[in-house]
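Got a model open and not sure where to start? Let's read one together, feature by feature.

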Amino acid sequence: MAFITALATAAATYIGVTSTLGVLLVRTAVTALVSYALNRSISKNQQQTGFDGGSRQMLSPATNHKIPVVYGSAYLGGAITDAQLVDSNKTMWVCLTISETTGKLFSTASDAVYTFNECYRNADQLFFQADGITVAKSVDANTPPNEDVSMAGLIKIYMYAGSGSSADQLTPALASCVSAPTITPVNAWDIFPDWDGPSGTTPNDSMSDLVFALVRVDYNRDKNVTSIGEFQFNIINSMSKSGDVIFDYATNTRYGAGIRLAEIDTGESKATTISRLGLNSYPWINLT
């Protein structure tokens, strides 16, 4: 600041100001002018050199972390349950927890099967490359639709159902890919930052009984990829029959009513059910 004081004193002398108050006012004015000139110079240099100040990413936390249960098909955004910045703050990872997984189908005693049907970012549908995880383009809802390939290679989405094990990784539906997809399954804890577990063990971050997506976004200002964006996933659960759904929700101890199996009569015949419910007069009813 010494050079500014000297400059202000010289300016005051030049214009004939000698009082202490006058010199102080001149010094204040000179300081403001110098600061203005420096700020303009810095701003101009940043514009000329293409200086990139980065992007501030704001994430809205889910304070209650309520995770829904999907029966049949549903569109869900997911709750952000983890986020990490890596590669000198140029790569953002987020974990979007979408839903709980359901139990076995009562009608077949088989496990519920999940399908990763569609994915949307900022209301535009994403289409994947042949690896099944890397975004190739986005398509909007206009008629005819507009395609945007600027984000190609900058966004990767890893979808899982049941746990973070590679065995539970989902391949997106063929209709959501530019060509037939073939993924190379990978454990979620092997790719998401800070999810590493001790060698030879499964870490606590196994995400058991959850459907979730790990989203990686590589920052690129030139291609307008500067934020995570708003995601929507179309997830299909093979458990869709009303009987399977009611039985699952009634007996599940994790998200349902937790009714004991012994308290549910599952052996009643169709004829008995029709009679007991007074449906005999409706011959078109066929309970299956």
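What follows is a dialogue between a learner and a teacher.

Q: Before anything else, what kind of model is this, and how are the residues numbered?

A: This is a predicted model, so local features need pLDDT of at least 70, side-chain atom pairs count only at pLDDT 80 or more, and totals for chains, interfaces and linings use all residues. Residues are numbered from 1 along each chain as its sequence is written, and side-chain values use heavy atoms, with hydrogens and water left out.

Q: How many helices and strands does the chain have?

A: Helices (H or I, at least four residues) and strands (E, at least two) are DSSP runs, numbered from the N terminus. Here the chain comes to 4 helices and 11 strands.

Q: How do I read a sheet, and which strands form the one with 6 strands?

A: Look for pairing: two strands pair if DSSP finds at least two bridges between them. In this chain, 6 strands make an open sheet in the order β1-β11-β4-β5-β6-β7, with antiparallel pairing. The edges belong to β1 and β7 (147-148), each having a single partner strand, so one side of each has no neighbour in the sheet.

Q: What joins β5 to β6?

A: There are 4 bridges between β5 and strand β6 (residues 135-139), and the two run antiparallel. For a spot to click on, Phe127 stands opposite Lys137 in β6.

Q: And which strands form the sheet with 5 strands?

A: That open sheet runs β2-β3-β10-β8-β9, again with antiparallel pairing. Its edge strands are β2 (79-86) and β9 (169-170), each pairing on one side only. Across 7 bridges, β2 and β3 pair in the antiparallel sense, and Ile80 sits opposite Leu96 in β3.

Q: What share of the chain is buried?

A: Buried means under 20% relative accessible area, exposed means over 50%, and partly exposed is in between (1.4 Å probe, protein chains only). By that rule, buried residues are 35% of the 288 residues in the chain. As for the surface, accessible areas come from the Shrake-Rupley method with a 1.4 Å probe, and for residues only the protein chains shown count as cover. The total for the chain is about 17,000 Å², of which carbon and sulfur atoms hold 54%.

Q: Which residues touch the most other members of the largest nonpolar core?

A: A nonpolar core is a set of buried Ala, Val, Leu, Ile, Met, Phe, Trp, Tyr and Cys residues joined through side-chain atoms within 4.5 Å. The largest one has 34 residues, and Phe116, Ile157, Met159, Phe231 and Phe233 touch the most other members. At least two residues of this core come from each of β1 (72-76), β3 (91-100), β4 (114-121), β5 (124-128), β8 (155-161), β10 (210-218) and β11 (231-237). Apart from it there is another core, of 13 residues, including Tyr158, Trp189, Phe192 and Leu214.

Q: What does Ile157 touch?

A: Contact means heavy atoms within 4.5 Å. Not counting residues up to four places away in sequence, Ile157 touches, among others, Phe116, Cys119, Leu126, Phe128, Ala213, Phe231 and Phe233. Over the chain, 62% of the contacts with a separation of 6 or more are between residues 24 or more positions apart.

Q: Where is Ala173, and what is it in contact with?

A: Ala173 is in the loop between β9 and β10, and it is buried, with a relative accessible area of 17%. Leaving aside neighbours within four places in sequence, Ala173 is in contact with Phe116 and Asn117. The C-alpha atoms of Ala173 and Asn117 are 5.0 Å apart, though 56 residues separate them along the chain.

Q: Which backbone angles should I check?

A: Try omega and phi. A cis peptide bond joins Thr143 and Pro144, with omega about -5°, and Pro144 is in the loop between β6 and β7. Ala123 is not a glycine, yet has a positive phi of about 75°; Ala123 lies in the loop between β4 and β5 and is exposed, at 63% relative accessible area. Asp209 is not a glycine either, and has a positive phi of about 65°; Asp209 is partly exposed, at 34%.

Q: How many disulfides are there?

A: A disulfide is a covalent bond between the sulfur atoms of two cysteines. The search looks for a pair of cysteine sulfur atoms within 2.5 Å, and it finds 0 in the whole structure. Cys119 is buried at 0% relative accessibility, and Cys177 is buried at 9%.
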